[in-house]
Amino acid sequence: MVVLERQRAVGPKACAGALSRLMPADLTPPSALRFDEQVVEIAGKEHRLRLETPRFTIPRETLASYQLAKIPNGAGVEIMLGVRARMRDRHTIATDGGDEWSADSIVGADGALSIVRRSLGLPTRRSLGIYREVRTISKDYALLLDAARYGTGYLWSFPHRDRVNIGIYFDPGRLAPAVARGLLDGEIARRFPGMPVSPPKSGWVAHRYAGVEHEGIYLIGDAAGLALRATGEGISTAVVSGREIGRKLKDRRYAMPELARLLAFKKKQERLFSLLERFPGMQDTLYRLFITAKRLPGGQRFFER
Ligand SMILES: Cc1cc2nc3c(=O)[nH]c(=O)nc-3n(C[C@H](O)[C@H](O)[C@H](O)COP(=O)(O)OP(=O)(O)OC[C@H]3O[C@@H](n4cnc5c(N)ncnc54)[C@H](O)[C@@H]3O)c2cc1C
């Protein structure tokens, strides 16, 4: 198997590096920072929620190194860095260097702006994430919700070991990026006054699912539109779908049960999310109800199933 990566390293990616319980435990590095409590601020009021399943944060480069080290020697995987791929036809990939690769199976793992997906002519839908990093230490793994300011988007503040990744996730069709950026900067000034802050970074999150199997072409992660629309979570969905497609390529009869579970959860979460979109005036009340329900015995399990 040949992996073509346009960057000079595997791993760097505009991302907040948060992992949820959807992330397979064996692919979560032991060095990840663990959180057993979530702070949820709804329209300025803080709620603290004890988590039944912890969240983690990890720099994307560290996550990639950990997962790369899991590839056994002799597995027959060749990773070529600094090689940008183009689809020439259904079975041929061309590179900017003039090389061509032909294969019976091509896997598009090329993210939210996937060229492999584009070659299939599949429609796509994306949200946007913008963030900055603050050089400080914090313990609060926080989400900020406020219908009047962010609509169905939200702000996050995720601590890493030596910094805090703080950003905003939103649908640019509903909130203009310049406004979102202003809201983010306002929140940074409020939470971390006078602290050194990195320049902003941003990226797309693709969440319109369009199937993983397309007659010899396979899509995984954001290329398949597998990120969760409500939260923008897409690391776990990329990893789970990648592993499932890997198993499928080894055994064509493999039914991909983990992908089926993921899709069922994505569908359920998107139904709840459409409720929020349909009734914007009710949004903050619904958020409070979710928090109350999540505090009940079995509540978190119900929403996370
Ligand atoms: C600002 C932001 C914050 C986020 N925070 C989180 C978070 O905290 N937790 C979470 O779970 N998700 C988060 N996400 C979503 C998550 O980053 C993505 O869903 C996830 O990275 C998707 O993984 P992927 O492997 O499908 O694509 P990617 O991680 O985008 O990987 C695609 C790879 O393909 C390479 N590539 C692309 N085109 C080509 C080409 N033509 N030729 C060769 N190589 C190519 C790219 O260089 C890249 O390495 C965030 C997204 C953004 C934008």
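At what angle do α5 and helix α6 pack, and how far apart are their axes? Let's find out, keeping in mind that this is a predicted model.

## Two packed helices

Two packed helices are described by the angle between their axes and the distance between the axes. For α5 and helix α6 (residues 257-278), the angle is about 150 degrees, and the axes are 8 Å apart. Angles over 145 degrees count as roughly antiparallel, and α5 and α6 are therefore roughly antiparallel to each other. Their crossing is left-handed.

Which residues make the contact? On the α5 side they are Thr237, Val240, Ser241 and Glu244, while α6 brings Glu258, Leu259 and Leu262. Sorted by class, the residues of this contact are 3 nonpolar, 2 polar and 2 charged.

## Around the ligand

Helix α5 appears again in the shell around the ligand, where it gives the largest share, 3 residues. In total, 31 residues surround the ligand. The closest are Gly111, Gly129, Gly203, Gly221 and Gly234.

Which elements give two or more residues to this shell? They are the strands β1 (2-5), β10 (126-134) and β14 (201-206), together with α5 (235-250). By class, the shell has 14 nonpolar, 10 polar and 7 charged residues.

## A hairpin and its neighbour

Now follow the chain to strand β3 (residues 33-42) and β4. These two run antiparallel and are joined by 9 bridges. One facing pair to look for is glutamate 41, which stands opposite glutamate 46 in β4. Together β3 and β4 form a hairpin, with 2 residues between the strands. In the turn, alanine 43 has a positive phi of about 45 degrees.

Strand β4 (residues 45-57) also pairs with strand β2 (residues 18-19), in the antiparallel sense and over 2 bridges. Here alanine 18 stands opposite threonine 57 in β4.

## A sheet of three strands

Another place to explore is an open sheet of 3 strands, in the order β9-β16-β15 and with mixed pairing. Which strands lie at the edges? They are β9 (106-108) and β15 (213-214), each of which pairs on one side only.

Strand β15 pairs with β16 (residues 217-219) in the antiparallel sense over 2 bridges. To find this pairing in the structure, look for glutamate 213, which stands opposite tyrosine 218 in β16.

Notes. Residues are numbered from 1 along each chain as its sequence is written. This is a predicted model: local features need pLDDT of at least 70, side-chain atom pairs count only at pLDDT 80 or more; totals for chains, interfaces and linings use all residues. Two strands pair if DSSP finds at least two bridges between them. Helices (H or I, at least four residues) and strands (E, at least two) are DSSP runs, numbered from the N terminus. A residue is near a molecule or strand if its C-beta atom, placed from the backbone, lies within 6 Å of it. Ala, Val, Leu, Ile, Met, Phe, Trp, Tyr, Cys and Pro count as nonpolar, Asp, Glu, Lys and Arg as charged, and the others, Gly among them, as polar. Axes are lines fitted to C-alpha atoms, for helices over the stretch in contact, and angles run from 0 to 180 degrees between N-to-C directions. Angles under 35 degrees count as roughly parallel, over 145 as roughly antiparallel, 65 to 115 as roughly perpendicular and the rest as oblique. A crossing is left-handed if the near helix is turned anticlockwise from the far one by less than a right angle, and right-handed if clockwise. Two residues are in contact if their C-beta atoms, placed from the backbone, lie within 7 Å.
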